[in-house]
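Please read this report alongside the sequence and the 3D view. It covers one helix, the nonpolar cores and the charged side chains.

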Amino acid sequence: MSIAIIVEGKNDKSRLKRVVDENVTILCTFGTPSSLTLDELAKKVGQKQVYIFTDNDSSGKRIRFLLRDTFPDSEQIYTRKGYAGVEGTPEEYIIQQLEKAGLDEYIIYPDPDPAFE
């Protein structure tokens, strides 16, 4: 299965790139997407399964709503309230959310901390 994850901004994208392999397409809305941006995203996604990973705030909810219209079969992934967006979410929590979405095969797990071995 080929997948695409759509996030809000470039900092979210770079955060996510640290925990998923290079086969995952990560696209940005760069804020609330216009109809032109939505069309461009749809072209870039093609036939890939879409996952929407947005902040758990009013802006993230608005973006999710718009993306759901364009990608009705998409899966929703959220950050937890209180985190400073996807970019401010701890990697462990991002990994947990990706696992919940069934994306284990795409996760790059960090090396265990030798201090705890």
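In this predicted model, the buried residues of helix α3 are Gly-60, Ile-63, Arg-64 and Leu-67. Viewed down the axis of α3, the buried residues fall within an arc of 105°, so they line one face of the helix. They pack against β1, α2 (35-45), β3 and β4 (75-78). Ser-58 and Asp-69, on the other side of α3, are exposed. The helix runs over residues 58-70, 13 residues in total, and spans 19 Å from its first C-alpha to its last, close to the 18 Å expected at 1.5 Å a residue.

Ile-63 of α3 also belongs to a nonpolar core of 11 residues, which includes Ala-4, Val-50 and Ile-52. This core lies apart from the largest one, which has 19 residues. In the largest core, the residues touching the most other members are Ile-5, Leu-16, Phe-53, Leu-98 and Leu-103. At least two residues of the largest core come from each of β1 (3-7), β2, β3 (49-54) and α4. Leu-98 contacts Ile-5, Leu-16, Val-19, Val-20, Ile-77, Leu-103, Asp-104 and Ile-107, when neighbours within four places in sequence are left aside. In soluble globular proteins, nonpolar side chains tend to be buried together.

Turning to charge, the model has 1 salt bridge by the rule applied. It joins Arg-18 and Glu-91, whose closest N and O atoms are 2.6 Å apart. The two residues are 73 residues apart and link distant parts of the chain: Arg-18 is in the loop between α1 and β2 (25-28), and Glu-91 is in helix α4 (residues 91-100). The partners can be set side by side by accessibility.

| Residue | Relative accessible area | Class |
|---|---|---|
| Arg-18 | 53% | exposed |
| Glu-91 | 15% | buried |

Arg-18 counts as exposed because its 53% relative accessibility is over the 50% cut-off. Glu-91 counts as buried because its 15% is under the 20% cut-off.

What is the nearest side chain of opposite charge to Asp-12, and how far away is it? It is Arg-15, at 8.1 Å; Asp-12 is buried yet has no salt bridge. That distance does not qualify because a salt bridge requires the nitrogen and carboxyl oxygen to be within 4 Å. Asp-12 lies in helix α1 (residues 10-17). Not counting residues up to four places away in sequence, Asp-12 touches Val-7, Asp-55, Val-86 and Glu-87.

Note on methods
Residues are numbered from 1 along each chain as its sequence is written. This is a predicted model: local features need pLDDT of at least 70, side-chain atom pairs count only at pLDDT 80 or more; totals for chains, interfaces and linings use all residues. Side-chain values use heavy atoms; hydrogens and water are left out. Helices (H or I, at least four residues) and strands (E, at least two) are DSSP runs, numbered from the N terminus. Buried means under 20% relative accessible area, exposed over 50%, partly exposed in between (1.4 Å probe, protein chains only). Lys and Arg count as positive and Asp and Glu as negative; His and the chain ends are not counted. Contact means heavy atoms within 4.5 Å. A nonpolar core is a set of buried Ala, Val, Leu, Ile, Met, Phe, Trp, Tyr and Cys residues joined through side-chain atoms within 4.5 Å. The expected span of a helix is 1.5 Å times one less than its number of residues. The arc is that of the directions from the helix axis to the C-beta atoms.
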